[in-house]
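Colleague: I am new to reading protein structures, and I would love some help. Could you walk me through this one, feature by feature?

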Amino acid sequence: MKIAAASLAAVTALVVAGCGSSDTGSGNTVNWWTWDDKQAVAYGECEKAFEAANPGSDVKITRYNVDDYFTKLTAGFVAGTAPDAFQNSVQFLQAYASQHQLMPLDDLITKSNVDMKKYSVGVDTWKFTDGKQYALPLDWAAAGVYYSVDALTKAGVAEADVAKMTWNPDDGGTFEKIAARLTVDKNGKRGDEAGFDKNAIATYGIGAMAGRSFIGETTWAPFVSTLGWRLGDKPQWPSKFNYTDERFVKTMKWVTSLVDRGFSPKFGTFTTGNQSTISDIDQVGSGKVAMTVGGSWSAPSFGKIPGVPVGIAPTPTGPDGKRSVLSNSNGNNIWAGTKNPDLTWKWVSYMGSEECQTKAGATGTFFPSIPAAMDSTVTSMKAQGVDLSVFNQYVKDGVLYPSTAYVNGSAVQSGEQPLFEAYFAGQRQDDVFAEMERVSQEILAKN
């Protein structure tokens, strides 16, 4: 799932934990932290079952706002008061593991006979450069296409056609045709009709594709990856990001062409005066956007917009007729300084079990990493009127590919984000791609 940019700076102050009184679980207590309020509640169901099965044990789940989370975690490492275990983003694997704040889990996995093959996503992402496994996959996420059913009906577009959209960087495929059809100017003209005014848009056919993210998880990544492009020159721990690759450059030009023709909003269109962004859920709910690429974690919220039925379609297939979807997987780490490693591992491994993930996943607010538990999540949410089968089908079809682990996460984001923003804001031209690649190479080379 997405991590707020403000939290990234926290890891730069990280040092090896010193002496001090530990705030970790002692005796029969385990402290577990998360930044996700929904997962805090969801895993509370596992907490009850775990404590019942382990009389006398006490699991304390604490949730901090994501803007404070990594700062507090860093402070805990320094002071020796970090939680026994915690949810983590792969962005911080290198920083934490290289400074020996994470407990390698290989021996525990072997001793407990944990079958790592049961996880559909995320295992290899949590292997550090030393080859050791530092987390059990906690969840996974991917992008889907959310659309207003009413907008499709008014445009005469069938939901079946949205479900089988195609894409290529030359003419945009049927995806672009549908986006054009769904775009409406303030005079009621559609993007594929004569007289359409691209400078006076009432409803954009597709939400923002020009985004600041240098990974593009919920914007352009599901498109360019169908061409075989990947972010790094290696699947994990790359030495550079492939921003001068012709496939990437061509896709970025296509993205800007959607904006230039009025089918997609300009960068910053839905940013308010205080620089906060109107959510894609509110954009679809208000009718300002007919269709958008969004994260799987937003599915329950899209499904509950009052008076606005929203459907979910898979991302488009590429020129070869296949999908390719980036999947991010958060991990469950154990702090190397825990005073209670045995019970902490027991809790973490239980969280990574089918039983627990089925209980926690029933809310549909996150996707379990175990396929059988994911099946249960889909069934549970369907009863609530939210159809997650599109995302489950990704797993079954094998179209997911893992996010890239890389070093110096905060520096990479700080270096690349302004360049992306400048390009999509029209302040920089194609020469920016070489600079983006050079910046990545310089930052990834630093120890």
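Modeller: Happily! Let us start with a pair of facing residues: Val145 stands opposite Val293 in strand E8. Please keep in mind throughout that this is a predicted model.

Colleague: Which strands pair here, and over how many bridges?

Modeller: Strand E5 (residues 143-148) pairs with E8 over five bridges, in the antiparallel sense. Now step back to the sheet itself, which is open and has three strands in the order E8-E5-E9, with antiparallel pairing. Strand E8 (291-295) and strand E9 (310-313) each have a single partner strand, so each has one side left without a neighbour in the sheet. On average, neighbouring strands of this sheet are turned by 35 degrees against each other, direction ignored.

Colleague: Which helix lies across E5 and E9?

Modeller: That is helix H15 (residues 389-397), running at about 155 degrees to E5.

Colleague: How should I read the other sheet, and what is its strand order?

Modeller: Begin with the order, then look for the edges. This open sheet has five strands, ordered E2-E1-E3-E11-E4, and its pairing is mixed. Strand E2 (58-63) and strand E4 (136-137) are the edge strands, each pairing on one side only.

Colleague: What does "mixed" look like around E3?

Modeller: Compare its two partners. E1 and E3 run parallel and are joined by two bridges, with Trp33 standing opposite Phe86 in E3. Strand E3 (residues 85-88) and strand E11 (residues 331-334), on the other hand, pair in the antiparallel sense over four bridges. You can check that direction with facing residues: Ala85 stands opposite Ile334 in E11, while Asn88 stands opposite Gly331 in E11.

Colleague: Are the residues on the two faces of E3 covered or uncovered?

Modeller: Both faces are covered. Ala85 and Gln87 are buried on one side, and Phe86 and Asn88 are buried on the other.

Colleague: Which helices lie across these strands?

Modeller: There are two to look at. Helix H1 (residues 37-53) lies across strand E1 (29-34), E2 and E3, and runs at about 180 degrees to E2. Helix H2 (residues 66-79) lies across E1 and E3, and runs at about 140 degrees to E3.

Colleague: Next, what is the idea behind a nonpolar core?

Modeller: In soluble globular proteins, nonpolar side chains tend to be buried together. Here the largest nonpolar core has 107 residues, of which Trp220, Met291 and Phe391 touch the most other members. Helix H9 (residues 246-260) gives the most to this core, with seven residues. Apart from it lies another core, of 30 residues, including Phe50, Val123, Leu138 and Trp345.

Colleague: Why is helix H7 described as largely enclosed by the rest of the structure?

Modeller: Count its buried residues. Helix H7 (residues 173-182) has 10 residues, and seven of them are buried, so the rest of the structure largely encloses this helix. The buried ones are Gly173, Phe175, Glu176, Ile178, Ala179, Ala180 and Leu182.

Colleague: How do I read the surroundings of a single residue, say Gln357?

Modeller: Find its place, then its burial, then its contacts. Gln357 sits in helix H13 (residues 354-361), and is buried, with a relative accessible area of 0%. Leaving out residues up to four places away in sequence, Gln357 touches Tyr43, Pro137, Leu138, Met351, Gly352, Pro368, Ser369, Ile370 and Ala373.

Colleague: Is Leu231, in a loop, buried or exposed?

Modeller: The loop that holds Leu231 lies between helix H8 (221-224) and H9. Leu231 counts as buried because its relative accessible area is 10%, and the cut-off for buried is under 20%. Not counting neighbours within four places in sequence, Leu231 is in contact with Phe214, Ile215, Lys240, Phe241, Asn242, Tyr243 and Thr404.

Colleague: Last one: what lines the second largest pocket?

Modeller: Start with the space, then the lining. The second largest pocket holds about 410 Å³ of space. Its lining has 22 residues, of which Thr256, Val259, Asp260, Lys266 and Phe424 lie nearest the centre. H9 and helix H16 (409-424) each supply at least two residues of that lining, and H9 gives the most, with three residues.

Definitions and conventions. Residues numbered from 1 in each chain as written. Predicted model: local features only at pLDDT ≥ 70, side-chain atom pairs only at ≥ 80, totals over all residues. Heavy atoms only, no water. Core = buried A, V, L, I, M, F, W, Y, C linked by side-chain atoms within 4.5 Å. Buried < 20%, exposed > 50% of the residue type's maximum accessible area, 1.4 Å probe, protein only. Pairing = 2+ DSSP bridges. Contact = heavy atoms within 4.5 Å. Axes fitted to C-alpha atoms, helices over the stretch in contact; angles between N-to-C directions. 1 Å grid on protein atoms, 1.4 Å probe; cavity = no way out; pocket = protein on both sides within 12 Å on 5 of 7 lines; lining within 4 Å. Points joined across faces, edges and corners; volume = space filled by probe spheres on them.
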